[in-house]
Amino acid sequence: MLCTLLRALPLIGEHFNALYISAPVGFILYHLLTYQLCKRYNVSIRPYIILTIILCTFTMIQLPARFSDFRGSAITLPEQFIHLLGIISGYLNFQKHVKKWATVILGGVCYILFIALFPTFSDYLNYGSIKGKVKNIPMPNFKIINKEKDTLSLQELNGDYIILDLWHRRCPSCIRSFLKLQRLHQIIQSKSNLSIYALNYPIDKTDPFLFMKNKGYEIPVLQLLNEDKDIVKEQIGINVFPTTIILNQKHQLLFRGSIEMVEKFLNKSDIIHTSD
């Protein structure tokens, strides 16, 4: 229950994730719980049976969420692995198979690996790729609304490469990413072969054009037609917000990922270096 509360902590900075706190806290608490239960009941119950009971209970707590929404809960799988190690280390610590200093080292190494590898795991889970590059996938010709309130089709957007950042008003991560999107807009606005838009995914009656203007951003804004938003989400594979996509001149999907992944993708490709 405590770890569940910790997962709900607000983001701090660009790279902080609440799981970075709930993972080590869970490791420590599960380690202490296992050690103390083995210490208290080892006379009447064999330690390996206590370990089995704890592992079964741990599994029973986790399974309902995994069965009901595996994809939505998959993001916490690395954290649960850390917690599982806490249980096992607590048992081994009690059995004198592992020294206390070894437990500290084990926990520290696992935590470092967790922090190092989690962003890659998260990118793959959210975008289906660790680099964002996808093979030229045809896009549905969905409808969009521009700032003049005209309804256009995707095919009417011009540019050799089109960058669309999908966001919605109730997404705090989307709002935070606008600074990076603004910076990217300033970098590429002199490139005639590139166009960039903040594509609003409508979930309420908020005017995205007025919202962006009030925030002081100069990024061109488009809004998905409400009738087409589910088609876009399903056919493009939008699992999280914000998600940034890049289309080629044939309006085929080349890239799907985060704004940070976009910058790396553009720097390693010839797109942003193409002369006007």
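A residue counts as buried when its relative accessible area is under 20%, as exposed when that value is over 50%, and as partly exposed in between. Keep those cut-offs in mind on this tour of a predicted model.

Select C56 to begin: its relative accessibility is 42%, so this cysteine counts as partly exposed. Display the sulfur atoms next, and you will find that the closest cysteine sulfur to that of C56 belongs to C38, 14 Å away, which is too far for a bond. Move on to C3, which at 10% relative accessibility counts as buried; here the closest cysteine sulfur is that of C110, and the separation of 16 Å is again too far for a bond.

Where, then, is a disulfide to be found? Select C171 and C174, whose sulfur atoms lie 2.4 Å apart and form a disulfide, the one that a search of the whole structure finds. Both C171 and C174 are buried. Look along the S-S bond of this pair: the torsion about it is about 85°, so the disulfide is right-handed.

Keep C174 on screen and add S177, a residue of helix α7, which spans residues 172–188. A polar atom of the S177 side chain lies 2.7 Å from the backbone oxygen of C174. S177 has a relative accessibility of 8% and therefore counts as buried. If neighbours within four places in sequence are left aside, the residues in contact with S177 are D165, P242 and I259.

Now switch to a cartoon view and select the sheet, in which eight strands are arranged in the order β1-β8-β7-β4-β5-β6-β2-β3, forming an open sheet with mixed pairing. At its edges stand β1 (133–138) and β3 (151–153), and because each has a single partner strand, one side of each is left without a neighbour in the sheet. On average, and with direction ignored, neighbouring strands of this sheet are turned by 35° against each other.

Zoom in on the edge formed by β1, where three bridges join this strand to β8 (residues 252–257), the two running antiparallel. Within this pairing, select P138, which stands opposite Q252 in β8.

For the last stop, select helix α8, residues 208–215, and follow it across the sheet. Which strands does helix α8 lie across? They are β2 (143–145), β4 (161–167), β5 (194–200) and β6 (221–224), and with respect to β6 the helix runs at about 150°.

Conventions: Residues are numbered from 1 along each chain as its sequence is written. This is a predicted model: local features need pLDDT of at least 70, side-chain atom pairs count only at pLDDT 80 or more; totals for chains, interfaces and linings use all residues. Side-chain values use heavy atoms; hydrogens and water are left out. A disulfide is a pair of cysteine sulfur atoms within 2.5 Å. Buried means under 20% relative accessible area, exposed over 50%, partly exposed in between (1.4 Å probe, protein chains only). Two strands pair if DSSP finds at least two bridges between them. Helices (H or I, at least four residues) and strands (E, at least two) are DSSP runs, numbered from the N terminus. Axes are lines fitted to C-alpha atoms, for helices over the stretch in contact, and angles run from 0 to 180 degrees between N-to-C directions. Contact means heavy atoms within 4.5 Å. A polar contact is a pair of N or O atoms within 3.5 Å; within protein, one must be able to donate a hydrogen and the other to accept it, and residues adjacent in sequence count only if both atoms are side-chain atoms.
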